[in-house]
Amino acid sequence: MKRLFCRYIGIDYSGAQTPSASLMGLRIYLSEADKPPFEVLPPLSPRKYWTRSGIAQWLVERLAEDAPTLVGIDHGFSFPLRYFKTHGLKPDWPSFLDDFQRHWPTDEDHTYVDFVREGAVGNGAARMGNARWRRLTEERGGAKSVFHFDVQGAVAKSTHAGIPWLRFIRRRLAHRVHFWPFDGWEIPVGRSAIAEVYPALWSPSFAREDRTGDQHDAYSIAVWLSRADQNANLAAFLKPDLTPPQCTLALIEGWILGVSGVQASKPAAQWPRPWH
């Protein structure tokens, strides 16, 4: 069966410090066709590691190329429906991106997520959530709430830091990239796509070797995406088993690629196997 994509990018994200800070926790792995993933290092500079702004610009450049690419990023792409209702927001993801960036301008220079949380920058107090609120996909996949800050394994900080960069990419590439599932469950043939992922679903299945935890998460994303496409499983994961109302909900809240609509995760035997 023909592959849907020819490149697969796994990004392990970090919401620490500022958009221009060089962070050990920001890692990129890339796989081409059926080749094992390799780590993509940042351009040569005094900064040893990637920055959030650097990753966003790099993605804009890669996704503008004529090479259908699937990108998996490890942070939440949207919020629970209760957030939209509480703040009187239209249930529309592009509008949400604009509204969130106005209140949480975490893509601006010298801005920490905590600066917004503490009221020094932006107006986060007008757009807060509750750690008890979870999206349907988080409930099904066993992930923490996007509002659950300051605990081990939380994605709240990376989510609040990363969402404005999704807006940045979308504004620069327009219809050249498909944000799944917000732009539809079907990804047009030949188009690149970006999806939310949760590497904890997959990383235990792959030998860690000499990689750090952050490297291994990015590697696991890239290898899983590639193998799922190669094994013809990806198409099924792009259409989780959801009822029509749940599908509509997920177009607002988003969905974690790889999470079944029915259970917490697919049985390990159905997951693509790693390279040895």
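Contact here means heavy atoms within 4.5 Å, and that is the sense in which one part of the chain is said to cover another. The model described here is a predicted one.

A good place to start is helix H9, which spans residues 244-253. Four of its residues, Gln246, Ala250, Ile252 and Glu253, are buried. They take up an arc of only 155° around the axis, which puts them on the same side of H9. And what lies over them? The cover for the buried residues of H9 includes three other helices, namely H2 (81-86), H3 (93-103) and H5 (136-141). Just past the end of H9 comes Gly254, with a positive phi near 90°.

Next, the sheet. Six strands make up an open sheet with mixed pairing, and reading across it gives the order S3-S2-S1-S4-S6-S5. Strand S3 (38-39) and strand S5 (177-179) are the edge strands; each has a single partner, so one side of each is left without a neighbour in the sheet. As a bit of background, strands in a sheet pair through backbone hydrogen bonds, and they can do so in parallel or antiparallel fashion.

The S3 end of the sheet can be followed strand by strand. S2, made of residues 27-32, runs antiparallel to S3 and is joined to it by two bridges. In this pairing, Leu30 sits opposite Phe38 of S3. The two strands form a hairpin with five residues between them, and in that turn Ala33 has a positive phi of about 50°. On to the next neighbour: S1 (residues 7-12) is also antiparallel to S2, and six bridges join the two. Arg7 of S1 has Glu32 as its bridge partner in S2. How much of S2 is buried? Five of the six residues of S2 are, so this strand is largely enclosed by the rest of the structure.

A few spots in the backbone stand out. Most residues other than glycine have a negative phi, and most peptide bonds are trans. Against that background, Gln17 has a positive phi of about 55° although it is not a glycine. Gln17 belongs to the loop between S1 and S2, and it is partly exposed, with a relative accessible area of 40%. Ala174 is another such case, with a positive phi near 50°. This residue lies in the loop between H6 and S5; Ala174 is partly exposed too, its relative accessible area being 43%. The peptide bond from Trp180 to Pro181, for its part, is cis, with omega near -5°. Pro181 is in the loop that runs between S5 and strand S6 (192-196).

Then there are the open spaces. The largest pocket has a volume of about 420 Å³. Its lining has 21 residues, and Asp74, Gly153, Ala154, Val155 and Ser158 are the closest to its centre. Two elements give two or more residues to this lining, helix H6 (156-173) and helix H7 (213-230). The largest share, three residues, comes from H6. By residue type, the lining of the largest pocket splits into nine nonpolar, five polar and seven charged.

The second largest pocket comes in at about 320 Å³. Here 16 residues form the lining, with Leu4, Phe5, Ile187, Pro188 and Val189 nearest the centre. This second lining divides into 10 nonpolar residues, one polar and five charged.

Closed spaces turn up as well: there are three cavities of 30 Å³ or more. The largest cavity has a volume of about 90 Å³. Among the 14 residues around it, Ala143, Val155, Glu196, Tyr198 and Ile256 are the closest to its centre. The lining of the largest cavity is made up of six nonpolar, three polar and five charged residues. Val155 thus appears twice in this account, listed among the residues closest to the centre of the largest pocket and among those closest to the centre of the largest cavity.

Terms used. Residues are numbered from 1 along each chain as its sequence is written. This is a predicted model: local features need pLDDT of at least 70, side-chain atom pairs count only at pLDDT 80 or more; totals for chains, interfaces and linings use all residues. Side-chain values use heavy atoms; hydrogens and water are left out. Buried means under 20% relative accessible area, exposed over 50%, partly exposed in between (1.4 Å probe, protein chains only). The arc is that of the directions from the helix axis to the C-beta atoms. On a 1 Å grid over the protein atoms alone, a cavity is a set of points where a 1.4 Å probe fits but cannot get out, and a pocket is an open set with protein on both sides within 12 Å along at least five of seven lines; lining residues have an atom within 4 Å of a point. Grid points are joined across faces, edges and corners, and a volume is the space filled by probe spheres set on the points. Ala, Val, Leu, Ile, Met, Phe, Trp, Tyr, Cys and Pro count as nonpolar, Asp, Glu, Lys and Arg as charged, and the others, Gly among them, as polar. Two strands pair if DSSP finds at least two bridges between them.
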